[in-house]
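Please open the model in your viewer and keep the selection tool at hand. The tour moves from one residue outwards to the whole chain.

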Amino acid sequence: MKYCHRCGTENGNDQLFCQGCGKPMQKNAREKSMKMAQAETELQQKLEIRRQKMAYWLLGGMYLLHFILGFWLIVTGKAREMDVGVLPVLLLMTLFPVFGYLGVYKPEILFKIQYFFSIRDLDQAEPSDWYLMSSQIGGILIWVLGVGLLIAPWFI
């Protein structure tokens, strides 16, 4: 049992307000809000770790898919049949997954690359929400385009 620090009335442990005076049981409310804030922080940290793991698995999967498709283009001779050298295929295999990953998971880096010469205090500049969202959509489109370009020779 807890006692109200204002009027001294005996209250239950789970009550937020005093039965005698109706005032909030401050110590109990503060403890609960602190515990909830701590739990929320822990949950956010776990979600961020999960998001990072998923990002790395996705990047690895995209690299593997691009590598397999590009390697197949080179080995089967499809790249030569279309008068495309090995270098463009290698660029597709490496650059598309990197820029796709940056667009989806690290759009701030793309922002700094894009505006490196045009913004004087780049460290103080913040990309807008619209820029971040469009970078993420663009990153997904770059991944899809990279796979499409590597698959296209079999359909032509």
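Begin by selecting Tyr101, which touches Ala55, Tyr56, Leu59, Lys106 and Trp143 when residues up to four places away in sequence are not counted, a contact being heavy atoms within 4.5 Å. This is a predicted model, in which local features need pLDDT of at least 70 and side-chain atom pairs count only at pLDDT 80 or more, while totals for chains, interfaces and linings use all residues. Residues are numbered from 1 along each chain as its sequence is written, and side-chain values use heavy atoms, with hydrogens and water left out.

Next, add Tyr105, Phe111 and Trp143 to the selection: together with Tyr101, these touch the most other members of the largest nonpolar core, which has 13 residues. Such a core is a set of buried Ala, Val, Leu, Ile, Met, Phe, Trp, Tyr and Cys residues joined through side-chain atoms within 4.5 Å, where buried means under 20% relative accessible area with a 1.4 Å probe, protein chains only. At least two residues of this core come from each of helix 1 (26-76), helix 3 (86-105), helix 4 (107-114) and helix 5 (129-151), and helix 3 gives the most, with four.

Then select Leu73, Met93, Val147 and Leu150, which are among the nine residues of a second, separate core.

Finally, show the whole chain, which has five helices and two strands, these being DSSP runs of H or I with at least four residues and of E with at least two. The C-alpha atoms fill a box of roughly 90 × 40 × 20 Å along the principal axes, and buried residues make up 26% of the 156 residues.

Definitions and conventions. Buried < 20%, exposed > 50% of the residue type's maximum accessible area, 1.4 Å probe, protein only.
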